[in-house]
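Visitor: Please give me a close look at a single part of this structure. I should also like to see how that part is set within the rest of the chain.

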Amino acid sequence: MSGVSKACCSIPPVVAKGYQAKGEYKTINGLKTYVTGPESATKAILVVYDIFGFFDQTIQGADILSTANTQKYRVFMPDFFQGQPADISWFPPQTDEHKQKLGNFFQTKASPPDTLSKIPGVVSEANKLAPGGTFEWSILGYCWGGKIACLASGAENKTFKAAVQCHPAMLAPDDAKAVGIPMALLASKDENPKDVEAFGANLKKAEHYVETFATQIHGWMAARSDLEDAEVKKEYERGYRTVLDFLHKHA
C-alpha cells in the first residue's frame, strides 16, 4: 500500500518555533482537553499525547490533523496526566534517578489500564459536540500514547474505525494479534526493528501500513521533535501526510 497520496493532503507550513495554537481548551469528562478542527466535522480523532503532555510540536500536529485533509476532523487531545506530565529532561534517562522517575511515572500516571478506563467517558462527552450527535472516531497515539491506541483497538473495541501509532513505546508484537481495525505504524530508528517487523506481521485482521522513518529519533512527530532542523521538519511533515492519507482511506 502506498504511504502517501498527495491528492488528499495539504499540510500547512510547519512552524519551527513559537507555534500559535489554532484550537482551544475545553473540559471533556473532567479532563482539560485540547480541541481543534471545524465544528462541522463529522469525524473525530482522539489523540493520545506522549508522556510529556501538551508540547507545541504535538499541538501543531493536532492542528495539522484537523484541517490538512480534504476530510476535516474534530481532534480531541485530553490531558490524561491532569497537569503532571513527565519531565522531558528525564528522557533518554542519563542517571539512575531519571530511570527511577520514568519507571514510577509509567506505573502510576501513565498506567495503561487507568488511561484506557477514561476513554469511554471522553468519547461519550465529546460526541455531544458532533453535528449529528456522534462522531466517527479514529485514535492516534505518540510513544506511550501509541501503546494506548493499540490497546484501545483490541477485541473489545466498538468505538474506533482506524488507529495510528507514531514512534510507539512498549511495542509488543503480540498486541497486534488483537487489533481488528486498520492500523498504521510509523516507527523511528530507535524502535527495535524486529519488534516493528513482527508487529506488522501480526496485523492480520485488517488493512495496515508500517513504515520506519530511518533518520528520525523516537518522538520526532511529537514533543522531542526539533523542528528547527530541516531534515526533522521535512520528516515531521511527511509523517503527518502519511497519517492523513491512511485515515483518508480507512477512517
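Guide: Helices (H or I, at least four residues) and strands (E, at least two) are DSSP runs, numbered from the N terminus. In these terms, Asn29 belongs to the loop between β1 and β2, and that loop is the part examined here. The model is a predicted one, in which local features need pLDDT of at least 70 and side-chain atom pairs pLDDT 80 or more, while totals for chains, interfaces and linings use all residues. Residues are numbered from 1 along each chain as its sequence is written, and side-chain values use heavy atoms, with hydrogens and water left out.

The two strands form a hairpin with two residues between them, and Asn29 in this hairpin has a positive phi near 50°. Such a positive value here occurs in a residue other than glycine. On either side of the loop, five bridges hold β1 and β2 in an antiparallel pairing (strands pair if DSSP finds at least two bridges between them). Within this pairing, Lys26 has Thr33 of β2 as its bridge partner.

Side chains of the hairpin region also meet. Lys32 is placed over the face of Tyr25, 4.5 Å from the ring centre; the criterion is NZ of Lys or CZ of Arg within 6 Å of the ring centre and within 35 degrees of the ring normal. Tyr25 is, in addition, a member of a cluster linked by ring pairs, together with Tyr34, Tyr49, Phe54, Phe81, Phe105 and Trp144. A search of the whole structure gives twelve aromatic pairs (ring centres of Phe, Tyr or Trp, the last by its six-membered ring, within 6.5 Å; planes under 30 degrees apart are stacked, over 60 edge-to-face, the rest tilted).

The hairpin is part of an open sheet of eight strands, ordered β1-β2-β4-β3-β5-β6-β7-β8, in which the pairing is mixed. β1 (24-28) and β8 (208-213) are the edge strands, each with a single partner, so one side of each has no neighbour in the sheet. From one strand to the next, the twist averages 20° (axes are lines fitted to C-alpha atoms, for helices over the stretch in contact; angles run from 0 to 180 degrees between N-to-C directions). At the β8 edge, the pairing with β7 (residues 183-188) is parallel and comprises six bridges. There, Leu185 is opposite Val210 of β8.

Helix α3 (residues 112-126) lies across both hairpin strands, β1 and β2 (31-36), as well as β3 (43-48), β4 (73-78), β5 (136-142) and β6 (160-166), and runs at about 115° to β1. Contact, where used, means heavy atoms within 4.5 Å.

A second backbone feature occurs in another loop. The peptide bond from Phe91 to Pro92 is cis, with omega near -10°, and Pro92 lies in the loop between β4 and α2 (96-107).

As for the wider setting, the protein chain contains seven helices and eight strands. Its C-alpha atoms fill a box of roughly 50 × 40 × 40 Å along the principal axes. According to UniProt, in an unreviewed entry, the feature "domain: Dienelactone hydrolase" covers residues 32-250; positions follow the numbering used here, feature names are shortened, and annotations may be inferred rather than shown by experiment. The span of residues 32-250 is 37% helix and 20% strand, and its end C-alpha atoms are 28 Å apart.
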